[in-house]
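Student: Could you walk me through how to read a few features of a model like this one?
Tutor: Sure, let's put it up first.

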Amino acid sequence: MADKRPAELIDGPGEQKDGAAAGAPSAFLEVRDLKIHFPTDDGLVKSVDGLSFQLERGRTLGIVGESGSGKSVTSLGILGLHNRRNARVSGQIWLDGAELVGASADDVRRLRGRKMAMIFQDPLSAMHPFYTVGHQIIEAYRVHNDVSKQVARKHAIDMLGKVGIPKPQQRVDDFPHQFSGGMRQRAMIAMALSCDPELLIADEPTTALDVTVQAQILDLIRDLQQEFNSAIIMITHDLGVVAELSDDILVMYAGRCAEYAAVEDAFHRPLHPYTWGLLGSMPRLDRERSERLMPIKGTPPSLINVPDGCAFNPRCAYKDLTDGKSIAERPELRELEPGHRAACHIPLEKRREIWNDEIAPKL
Ligand SMILES: Nc1ncnc2c1ncn2[C@@H]1O[C@H](COP(=O)(O)OP(=O)(O)OP(=O)(O)O)[C@@H](O)[C@H]1O
Ligand SMILES: [Mg+2]
């Protein structure tokens, strides 16, 4: 059950945290056993099903996983953007000492404005069609900065220029529909970064942008982090982006965490067969295009009928090494090395052997 703390702890005088003893974690962001389920006519869709992780200020967590694994649903959940009428959300989300799952919608909205920003996968969902692009960036900037409209406007033009919008001093007065798709995405990034967020969630921030603009945007995100010590969640299909930007990686499969590790460990000593598959199948900025990608056999499960045992078992080439456990028992996410967790029944030594002898040489 969510720990329902009074609203004044979230937005109260002087940001008191005297409820901290009731279970508030020390991490800046801590997600505990988060579940986000959607009842539908076809059955209950378990988009996120028991996810836990922590993120400190100044750190970047990369979230990877195939399409439909629950990455965007998790992000929207952290921002409190699911409609509570059709989403069942449980577990806890602690942000800087305040718990969000049990908090009122108003409190979450206030906190979102003050501390969080998101770069959405779909830029249209983030910009209001009735206001000019400039107006929206100016408003986002003034939430955190006590400055005149003129100063904020200059900042907006500056930001539009930084994300690569040509003639920003003219385009600032355009409406979102006057921008092309790629420009809208850049404008949305400008808006998100203008909030100086303490927590930035970037959901595929650079897909559909050309490589030069991608690099510019990643630089801007890095600058933001340096200046404001922001915590960043970076969701991407590009392992090169993860490798470059993230400190840790969370590998999601069917709404759960399959593996969690420092980037170094996830790339060089991964301990989950699904991560092995991803490393062979995802494009990377830092690799030659000609290198062959090896798709993971099979498809992800329906989130209405997730297989018993390990959700990955129908696609796992090594499930016979588990004495049937993969089919019968859900594997716990266990810490196997400091800071390195994986949910897999295959004996650890065996996994190390397979990685070193079979998988790594082929990548
Ligand atoms: N409102 C909803 N009602 C029912 N099912 C939903 C709803 N929102 C998302 N889902 C389902 O939840 C699952 C996870 O979706 P999500 O958008 O988080 O995937 P993702 O990991 O972000 O994928 P992608 O890489 O394609 O962006 C999908 O199967 C999706 O159909
Ligand atoms: Mg998504």
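Tutor: We'll take a helix, a metal site, the cysteines and a sheet in turn. This is a predicted model, where local features need pLDDT of at least 70, side-chain atom pairs count only at pLDDT 80 or more, and totals for chains, interfaces and linings use all residues. Residues are numbered from 1 along each chain as its sequence is written, chains are lettered from A and ligands numbered from 1 in the order in which they are written, and side-chain values use heavy atoms, with hydrogens and water left out.

Student: Which residues of H8 are buried?
Tutor: Helices here are DSSP runs of H or I with at least four residues, strands are E runs of at least two, and both are numbered from the N terminus. Buried means under 20% relative accessible area, exposed over 50%, and partly exposed in between, using a 1.4 Å probe and protein chains only. In H8 the buried set is Val213, Gln214, Ile217, Leu218, Leu220, Ile221, Leu224 and Gln225. They cover an arc of only 155° around the axis (taken from the directions from the helix axis to the C-beta atoms), which puts them on the same side of H8. Val211, Thr212, Gln226 and Glu227 are exposed on the other side.

Student: What follows H8?
Tutor: Asn229, with a positive phi near 55°.

Student: Which protein atoms are donors of the magnesium ion?
Tutor: Donors are N, O and S atoms within 2.8 Å of the metal (3.2 Å for Na, K and Ca); water is not among the atoms, so sites may look incomplete. For magnesium (ligand 2), the protein donors are OG of Ser72 and OE1 of Gln121, at 2.0 to 2.4 Å. This pair links distant parts of the chain, 49 residues apart: Ser72 sits in helix H2, Gln121 in the loop between strand E6 and helix H4. Ser72 is partly exposed at 21% relative accessible area, and Gln121 is partly exposed at 44%.

Student: How many disulfides are there?
Tutor: A disulfide is a covalent bond between the sulfur atoms of two cysteines. The cut-off is a pair of cysteine sulfur atoms within 2.5 Å, and the structure holds zero. For Cys257, the nearest cysteine sulfur is that of Cys310, 12 Å away. Cys257 counts as buried, at 8% relative accessibility.

Student: Which strands stand at the edges of the sheet?
Tutor: Strands of a sheet pair through backbone hydrogen bonds, either parallel or antiparallel. Pairing here takes at least two DSSP bridges between two strands. The open four-stranded sheet runs E2-E1-E4-E5 with antiparallel pairing. E2 and E5 are at the edges with a single partner strand each, so one side of each has no neighbour in the sheet. E1 and E2 pair over 10 bridges.
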